[in-house]
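Open the model in your viewer and keep the sequence panel beside it. The stops below go from one selection to the next.

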Amino acid sequence: MAPTSASPPTSHSVQVLSRPVTFQFALDPNAQHRILLAKCAGARRYTVNHHLARVKANLEARSTERDVLSESGDPCEVPTPSLSWAAFSFINEFNAWKNGESEDSPVNEDGTRGLAWCHDLPGDVFECASVDAARALENFSASRRGKRTGAPDGFPRFQAKGKVMPSFRLRNRATSGQAPSSQSIRFSDPSHLRLPRFGPVKLFGPTRKVRRMIDAGRFHVYSATLTQRAGRWTVSLTGVAAELHQAERSRTNRHAVPVGVDRGIISLCVCADANGVPFESFEGVKTLKQAQASLKAANQALARTTPRSQGRQRARARLAKTHRKVANTRRHLVHQASRALVDRAQVLVIEDLNVAGMVRNRHLAKSISDAAMGELSRQILYKARWHGVEVRVVDRYFPSSKTCSGCGEVRNDLDLSTRTYSCGACGLVIDRDLNAAINLARWRPKESSAVTLVVPTRVLLLSTA
Ligand SMILES: [Zn+2]
């Protein structure tokens, strides 16, 4: 868990760790690990449901009592006390309950009390699940009090097997100043990650970078989250890293003129600088379209199977695998584009697109999800902060597409299907996205509002797909 103190932690090599980073790897678990992984994910669901059921019963009991009391006109207090929803109360309550120390602990066939199966699993699974349940309830309660923006959060959903993604979290039982070799989550060799109760688990992919950062005291792992997506287990190591080297943060060979980034539907993004010079463009992430045929085949194969048959399981796995491939390719391309932009430009200007609103437009949804628009700006924002690049976020009502980059004339009759901008005033004919990118690059923040440099609070390398 992240320390609550205001000053950032320091590592064993006295590096200040202030940059939240997540590394993700695919796992290659053996048969024993697979069983343990499934058990841990089940234990997490069990724990969350335990807390939700207790709170729900308590709320209902109090509500009934309140109704009865108000009918009888008795101003007495409700007899059932309210439950504490704090994470530490949940942890303490569940520990006592599962260890057979509380009054309502389950009784086993042999007369012993407590959960017999919980001793084979890392205790952290239960504690982290209790923290998650407390957080979900806190969001629910804040939303009810009007303290949260966005759509109202209902009572947290019960975690049904097969409906929620199998996942659980383990904390690294170590302080950031502790030597890496004595931490509970650590690399035992280049291809194995040691986890509590699991022992070394094999990983896919190169781990050299993260291992070197840990050994040099430039990265400290707070927790490992294990998740099963489309049949494959992955581990996300979340923690804090040292800032990038000063030479990287103040590179002088970057393009000094502001670069506008127009995230498009045909291309992933088209870029140009304020002088009207095309900067760099990245082809559209058309992976979904390309995979459309195989997705269709997989969907049809699934539709032909009998419910609850082995064939249906296989067909469902095949469909999930196709979706996973699409998401992985998309994420890879977006990472490449965002990194290239941050490497080559000193000032980036992006539009604050209402991506969630646009995806709700049924006709555009598929192309927009495919173009990974929201993910691109998220990555540009956090990478820019790491590399010392300035990002200006233009408000979404700025007419970047409708303005002529030649004379400043604004056309109000431009629809999305028009791919070429032609100006009636000065006769300029230019690619629509390039025109928008030039206008973005020339955008200046208003006198009243300072330059917007948005620092993302959540930094994850996960795709939003
Ligand atoms: Zn013009």
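Two strands pair if DSSP finds at least two bridges between them. Helices (H or I, at least four residues) and strands (E, at least two) are DSSP runs, numbered from the N terminus. This is a predicted model, in which local features need pLDDT of at least 70, side-chain atom pairs count only at pLDDT 80 or more, and totals for chains, interfaces and linings use all residues. Residues are numbered from 1 along each chain as its sequence is written, and side-chain values use heavy atoms, with hydrogens and water left out.

Start with the hairpin: select β6 and β7. Strand β7 covers residues 232-242 and runs antiparallel to β6, joined to it by 10 bridges. Ala-224 stands opposite Leu-237 of β7. Between the two strands of this hairpin lie 2 residues, and Ala-230 has a positive phi near 45°.

Now keep β6, residues 219-229: 8 of its 11 residues are buried (under 20% relative accessible area, 1.4 Å probe, protein chains only), so the strand is largely enclosed by the rest of the structure. Add strand β2, residues 167-171, which pairs with β6 in the antiparallel sense over 5 bridges. Within that pairing, select Arg-171; its bridge partner in β6 is Ser-223.

Next, select helix α2, residues 87-98. Its 12 residues should span 16 Å at 1.5 Å a residue, and the end C-alpha atoms are 16 Å apart, which agrees; the expected span is 1.5 Å times one less than the number of residues. Buried residues of α2 include Phe-90, Ile-91, Phe-94 and Trp-97. Show α1 (31-72) and α3 (123-144) too: the buried residues of α2 pack against both. Finish at Gly-100, just after α2, where phi is positive at about 75°.

Methods. Buried means under 20% relative accessible area, exposed over 50%, partly exposed in between (1.4 Å probe, protein chains only). Contact means heavy atoms within 4.5 Å.
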